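Here's a quick briefing to read alongside the model. Have the viewer open and follow the bullets topic by topic.

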Amino acid sequence: MEIIKVQETINSVVTNIETVILGKAGEIKLVLAALLAGGHVLLEDVPGTGKTVLAKSLARSFDCDFSRVQFTPDLLPSELTGINFFSPKTGDFTFREGSLFSNIILADEINRATPRTQSGLLESMEERQITVDGTTYQLPAPYFVIATQNPVETQGTFPLPEAQMDRFLLQLNLGYPIKEDSVEILKRFVSGEPLKEIKAVCSSQTLLELQKAVKDVYIHEDIYKYIVDLAQGTRTHEGVALGISTRGILALAKMAQAYCAINGRGFVTPQDVLYLVPYVFPHRIVLKGGVRNRQSAVLSMLDEIIANTTAPVEDWKSADPKMDRVKERKLQPL
């Protein structure tokens, strides 16, 4: 599939979702980029900002199976992964699939479940499979987890461990809509149910083709080095206890590929990397003193690292408008 086709398809999906989520085109594109990159998304926001609606409209737009799981302290891991139960009729054990056997999963208020239940997601998010009683079951493709957590209310919650935070490709918040969009939302939802009217604009098979197409987006070797240098800056910073892992730099590279594809470009620039860093890196960083993801402190530290890291620049004079020779373009240090 050509990159221009990827852009056209994603634009139609964004337009479709914007019938229920207004004024959040940028955030929607980031979520879609994560989906195309084969990753997962953590939405940290207050209740009532459209997180569930976004997940449902996404599933409907791609004609995918959707499963919503409300995470609570009494939720059992077997409810996610599935369980072998004894059938008196057959006289044998039969496997019953859990909630994770779907295409798009909404893990609502994920930090309200116990660490044992949260760990039930680890294998599925990383390897797209589930192991129950020694037997491994492959999950359906595509497979995408959108998890939510409330940043305000912390009573009765269990903070996500570093290993699980690292499995989310990016973290973002939707935020409140502006006044004009809020008024339009009232007009649409008071007298109707726009979510039920959303129709599929492409199939789940097309989504798999989109995921395959974004892998062809070219990343110059100097861009790879730039990503690694930024990650290395977090590992050696005096205020950081735990910097960006190898999974983190892979996440940034894959996210950059997908984001460029949905914007109609077949190559990644340093500007793409810098735009995505605040969404891909902060939730993976643990600050010294036991402070994790203190947003202002982490972003300030990242600004410092970016300022001290030499970025490559492209010689646009040698660029081919058709991008046929994109691999031949030279990148020079600033």
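**Helix 13 to start with**

This is a predicted model, and a good place to begin is helix 13 (residues 270-280), where Pro270, Asp272, Val273, Leu276, Val277 and Val280 are buried. Those residues sit on the same side of helix 13, because they cover an arc of only 140 degrees around the axis.

**Overall build**

- The chain has 14 helices and 13 strands.
- Its C-alpha atoms fill a box of roughly 75 × 45 × 45 Å, taken along the principal axes.
- A compact globule with 334 residues would have a radius of gyration near 20 Å, and the chain's 21 Å agrees with that.
- Buried residues account for 49% of the 334 residues in the chain.
- If you count contacts between residues at least 6 apart in sequence, 76% of them join residues at least 24 apart.
- The accessible surface is about 16,200 Å², and carbon and sulfur atoms own 51% of that.

**Nonpolar cores**

- As background, nonpolar side chains tend to be buried together in soluble globular proteins.
- Here the largest nonpolar core has 73 residues, and Leu58 and Phe62 are the ones with the most contacts inside it.
- Helix 12 (residues 246-262) supplies the largest share of this core, at 11 residues.
- Another core, of 23 residues, lies apart from that one, and its members include Leu42, Leu75, Ala113 and Met125.
- Which residues does Leu58 touch, once you skip those up to four places away in sequence? Leu58 touches Ile17, Val31, Leu32, Leu35, Ile104, Phe144 and Ile146.

**Serine 61**

- You'll find Ser61 in helix 3 (residues 51-61).
- Is Ser61 buried or exposed? With a relative accessible area of 0%, Ser61 counts as buried, because the cut-off for that is under 20%.
- Leaving out residues up to four places away in sequence, Ser61 touches Val13, Asn16, Ile17, Ile198, Lys199, Ala200, Val201 and Cys202.
- Ile17 is thus a shared name: Ile17 is touched by Leu58 and by Ser61.

**The strand 3 and strand 4 hairpin**

- Strand 3 (residues 82-87) and strand 4 (residues 92-97) run antiparallel, joined by 6 bridges.
- One of the pairings to look for is Gly82, whose bridge partner in strand 4 is Glu97.
- The two strands form a hairpin with 4 residues between them.
- In the turn, Gly91 has a positive phi of about 70 degrees.

Definitions and conventions: Residues numbered from 1 in each chain as written. Predicted model: local features only at pLDDT ≥ 70, side-chain atom pairs only at ≥ 80, totals over all residues. Heavy atoms only, no water. Core = buried A, V, L, I, M, F, W, Y, C linked by side-chain atoms within 4.5 Å. Buried < 20%, exposed > 50% of the residue type's maximum accessible area, 1.4 Å probe, protein only. Contact = heavy atoms within 4.5 Å. Pairing = 2+ DSSP bridges. Arc of directions from axis to C-beta. Rg over C-alpha atoms; globule rule 2.2 N^0.38 Å. Areas by Shrake-Rupley, 256 points an atom, 1.4 Å probe, with all protein chains shown as cover.
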